[in-house]
Amino acid sequence: MIPVNRPLISEEDISAVTEALKNTWVSGDTPPIITLENTLKEILGVSDVVAVSTGTTAIDLSVEALDIQPGDECIVPTFTIISSISNLLRHGAKLTVVDSDPVTWSINADLAAEAITAKTKLVVPVHIYGLSVDMDPILNKVVGTQTFVLEDAAEALGVDYNGRHCGAIGDAGIFSFYANKIVTGGEGGAVATNDAAYAERVRYLRNLCFNPKQRFVHEDLGWNARLSGIPATLISSQLQRLDHLVEKKIAIAQRYLSGLAGHPWLDFHPASTTFSKNTYWVFGVVLKEDAPFDAEGFQKELRTLGVDTRRFFCPVHLQPLAKKYPISKFGEMPVAENLWNRGIYLPSGLGNTTEEFEAVIEAMWIVVKK
């Protein structure tokens with residue numbers, strides 16, 4: 001079975017991790033953590049980065065740092081992974097979900113801006129699959145307000161929006177370094193911001209809220225959300241060649257676009273928009289209305305040919321848990337529902353081989369000929 005993702009671990013990565021082990025830089029505020037935070041700060045052009053244990057933890061601590069209260073109004077995309085919203089729901093926030101943009105598949109920025117009210121405490125634009133949200137309509141709407149913009153850039157490291165790095169455009173941004181991300185530590189995450197007080201609050205929360213004067217005397221409850229030294233070393237090593245990894249992702253997508261040109265059933269994520277260039281974190285396709293399969297059926301057909309795939313995200317408003325929490329729709333959700341029903345992404349890991357990509361393309365055509 002050709003896997004959806006195989007990470008790419010270089011000899012330089014292995015050497016860096018080996019050196020960290022020799023120096024016993026395995027936990028705590030060790031050099032790998034400092035290196036990771038400083039490297040990402042330089043890449044993004046922000047004043048503060050806080051490394052944490054996972055991308056989900058980065059979102060969770062960001063929400064904690066905002067002191068979200070029951071009933072607080074938050075605007076989120078309906079088409080996103082559950083971790084983007086889970087801690088908001090735990091806090092009893094009132095979520096308004098917004099449909100996807102038909103071109104970018106990310107949150108429809110015009111609808112999101114329309115949904116923002118004087119009571120909106122938080123907006124969470126999620127950059128989907130390697131292409132940026134159109135941020136300006138949202139940013140323009142919140143000027144002069146207390147609304148916080150938290151970018152979920154877990155899938156958008158290396159993506160620009162009008163020359164600005166995704167994750168460094170709003171008030172804060174989060175990143176993930178999970179195994180399938182363009183830069184990986186196996187696990188790992190980070191919060192980026194230019195707000196020093198906010199960064200310090202996140203840093204305080206990630207380490208059990210230890211008192212700097214009396215370590216085991218606590219004024220607040222925090223989490224053990226520290227990133228250990230080994231994944232931090234691996235992440236830092238890969239960040240050194242981020243541009244190359246982005247180029248490789250784009251090359252994978254271009255091979256697919258070439259090999260699948262003229263496929264009668266497929267629509268593709270655009271290579272670019274007027275404001276962003278697609279880095280193709282994953283290579284997604286959407287089945288046309290006249291295709292003989294929906295996403296689930298097409299996925300099964302490809303699996304019989306030895307190709308593993310993943311369906312797109314199930315929209316928040318369709319999740320069974322939507323009946324248990326205060327979630328409301330801002331209008332209808334036809335784009336997100338179509339993406340869920342008809343979207344899959346293909347094997348596109350940096351460690352997947354050329355032969356595997358060719359086999360996937362062949363399988364995509366074999367299904368047509370059956």
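Modeller: Let's fix one word before we start: buried means under 20% relative accessible area. This is a predicted model, and both Arg-206 and Glu-37 are buried in it.

Colleague: What makes Arg-206 and Glu-37 a salt bridge?

Modeller: Their closest N and O atoms are 3.2 Å apart. The cut-off is within 4 Å, so the pair qualifies. Arg-206 sits in helix H7 (residues 196-206) and Glu-37 in helix H2 (residues 31-44), so the contact ties together parts that are 169 residues apart in sequence. There's a third partner too: Asp-29 joins Glu-37 and Arg-206 in a network of salt bridges.

Colleague: How many salt bridges are there by this rule?

Modeller: Twelve. One of them joins the side chains of Asp-136 and Arg-164, at 3.1 Å from N to O. That pair links distant parts of the chain, with Asp-136 in helix H6 (residues 136-142), Arg-164 in strand E7 (residues 164-165), and their positions 28 residues apart.

Colleague: Why is Asp-136 called partly exposed?

Modeller: Its relative accessibility is 27%. Buried stops under 20% and exposed starts over 50%, so Asp-136 falls in between. Arg-164, at 34%, counts as partly exposed by that reasoning.

Colleague: How do you know that Lys-300 and Glu-296 form a salt bridge?

Modeller: The closest N and O atoms are 3.8 Å apart, and the limit is 4 Å, so they count. Both residues lie in helix H10 (residues 295-304), four residues apart, or about one turn of the helix. At 48%, Lys-300 is under the 50% line, so partly exposed is the right label. Glu-296 gets that label at 38%.

Colleague: On to the rings. How many aromatic pairs does the structure hold?

Modeller: The count is 20. Among them are Trp-281 and Tyr-345, a tilted pair.

Colleague: Why is the Trp-281 and Tyr-345 pair called that?

Modeller: The centres are 6.3 Å apart and the planes meet at 50°. Pairing needs centres within 6.5 Å; an angle that is neither under 30 degrees nor over 60 is tilted, so both words fit. Trp-281 is in the loop between strand E10 (266-268) and strand E11 (283-287), while Tyr-345 is in strand E14 (residues 343-346), 64 residues apart. Trp-281, at 5%, is buried, and Tyr-345, at 11%, is buried as well. Both belong to one aromatic cluster, whose members include Phe-79 and Trp-105.

Colleague: What lies over the face of Trp-340?

Modeller: Arg-311, at 3.6 Å from the ring centre. The distance limit is 6 Å, so that part of the test is met. Arg-215 lies over the face of Phe-210 at 3.8 Å.

Key. Residues are numbered from 1 along each chain as its sequence is written. This is a predicted model: local features need pLDDT of at least 70, side-chain atom pairs count only at pLDDT 80 or more; totals for chains, interfaces and linings use all residues. Side-chain values use heavy atoms; hydrogens and water are left out. Helices (H or I, at least four residues) and strands (E, at least two) are DSSP runs, numbered from the N terminus. Buried means under 20% relative accessible area, exposed over 50%, partly exposed in between (1.4 Å probe, protein chains only). Rings of Phe, Tyr and Trp (its six-membered ring) pair if their centres lie within 6.5 Å; planes under 30 degrees apart count as stacked, over 60 as edge-to-face and the rest as tilted. A charge sits over a ring if NZ of Lys or CZ of Arg is within 6 Å of the ring centre and within 35 degrees of the ring normal.
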